Amino acid sequence: VPALFVLYLGQSGVLRDIPVAVLALAGALGAGCGVGWVWFTGGIVARAYGVPMAAGFLLENLAGAGLVIAVGGAVLMVLPALVVRLLLAARRLCPVRSPAVLARLSVRESLDGFTIGALGALSFTAAATTTRLAPQFVSGLLDNVRPLRRFIEAVLFGVAAPLTAAALGGLIGILLWFRPGRVAARHRGHVRAVLLLLTLLVVVIYTAIWLIDDRP
C-alpha cells in the first residue's frame, strides 16, 4: 500500500503542487517515529509476555500493552503532518519573504494536507511493521505458525493497517490545512466536527487491529 501511494503521487502530478522537500520530510519523520516506537514498545510487549502469573492476568497485560501501543502509534503517525504544518507556518512568518521561497513552500489546499498526512502515516506504518516483523522471519519464530495466522497477519498489516493509517493521517492533514470554500464557510464548525468524528472512528478501527493481533 505505501508503494502504491508513492506511485500515485508520481502519476497524479501531486509533485508539481507540493514541494518534494516537504513530502520527504513527512516521510522521513513518519519512518523515524515508526522505528523508534517499535523499539520503545518492544520492551512493553516482552514484559507483558513474561508475567509469571495466571493466564487471566497475562491476557489482561497483553490487552493493556496492545492498547498502549495502538493509541500511542496513532498519535505518533499524525506527528509528521503537525510538524510540517508548524514548520511551514514558521517559514512563512520569517523576515525573509521572497516570492520564490514562498512558492517553494506553497502548501495551501486541504487535499495537499491530506497527501502530507497520509504519506507520513504510511511511512510510520511501513517502518513500524518492517521493524516489528522482520526479526521474526530471520529468527524463525514464524516457521511453525499456522497458515491461517499468517494470512490474518498479512491482511491486518499488509492491507488494513496501512489503509487505516492513510485515512487517519489524511484526515488530520485536512484538518490542519482546512480552507473552506463558499459553501463550507457557512458550516465551518459542522465540517470540522464531522472530520473529528471520522478521525475518532479511524482511531478506534486502528486500535482494534492491534488488539486483534495481540491476542494469543
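Author: Let me start with a term: helices are DSSP runs of H or I with at least four residues, strands are runs of E with at least two, and both are numbered from the N terminus. Leu122, for example, lies in helix α6. This is a predicted model, in which local features need pLDDT of at least 70 and side-chain atom pairs count only at pLDDT 80 or more, while totals for chains, interfaces and linings use all residues. Residues are numbered from 1 along each chain as its sequence is written, and side-chain values use heavy atoms, with hydrogens and water left out.

Reader: How many helices and strands does the protein chain have?

Author: The protein chain has 9 helices and 0 strands. Its pattern along the sequence reads α-α-α-α-α-α-α-α-α.

Reader: How do I read burial, and what percentage of the 216 residues is buried?

Author: Burial is a matter of relative accessible area: under 20% is buried, over 50% is exposed, and partly exposed is in between (1.4 Å probe, protein chains only). In this protein chain, 38% of the 216 residues are buried. For the surface as a whole, areas come from the Shrake-Rupley method with a 1.4 Å probe, and for residues only the protein chains shown count as cover. The chain exposes about 12,200 Å², and 72% of that is supplied by carbon and sulfur atoms.

Reader: Which residues have the most contacts inside the largest nonpolar core?

Author: First the general idea: in soluble globular proteins, nonpolar side chains tend to be buried together. A nonpolar core is a set of buried Ala, Val, Leu, Ile, Met, Phe, Trp, Tyr and Cys residues joined through side-chain atoms within 4.5 Å. The largest one here has 19 residues, and Met77, Val78, Phe124, Leu168, Ile172, Leu195 and Tyr206 have the most contacts inside it. Two or more residues come from each of α2 (20-49), α3 (55-77), α6 (110-139), α7 (147-176) and α9 (188-213). The element that gives the most is α7, with 6 residues. A second, separate core has 15 residues, including Phe5, Leu23, Ala26 and Leu122.

Reader: What is Leu122 touching, leaving out residues up to four places away in sequence?

Author: Contact means heavy atoms within 4.5 Å. By that rule Leu122 touches Val1, Pro2, Phe5, Pro162 and Ala166. Its C-alpha is 5.8 Å from that of Pro162, though the two are 40 residues apart in sequence. Leu122 counts as buried because its relative accessibility is 3%. Such long separations matter for the whole chain too: residues 24 or more positions apart account for 82% of the contacts with a separation of 6 or more.

Reader: Where is Thr199 placed, and why does Thr199 count as buried or exposed?

Author: Thr199 is in helix α9, and it counts as buried because its relative accessibility is 8%. A polar contact is a pair of N or O atoms within 3.5 Å; within protein, one must be able to donate a hydrogen and the other to accept it, and residues adjacent in sequence count only if both atoms are side-chain atoms. Here a polar atom of the Thr199 side chain lies 2.8 Å from the backbone oxygen of Leu195. Beyond four places in sequence, Thr199 is in contact with Leu168, Leu171, Ile172 and Leu175. Leu195, with the same exclusion, is in contact with Leu171, Ile174 and Leu175.

Reader: And which helix holds Gly27?

Author: Gly27 is in helix α2, and at 14% relative accessibility it counts as buried. Apart from neighbours within four places in sequence, Gly27 is in contact with Leu119 and Ser123. Gly27 and Gly117 are 90 residues apart in sequence, with their C-alpha atoms 9.3 Å apart.

Reader: What about Ala127: buried or exposed?

Author: Ala127 is buried, with a relative accessible area of 12%, and its place is in helix α6. Setting aside neighbours within four places in sequence, Ala127 is in contact with Ala31 and Val35. The C-alpha atoms of Ala127 and Trp37 are separated by 9.8 Å, with their positions 90 residues apart along the chain.
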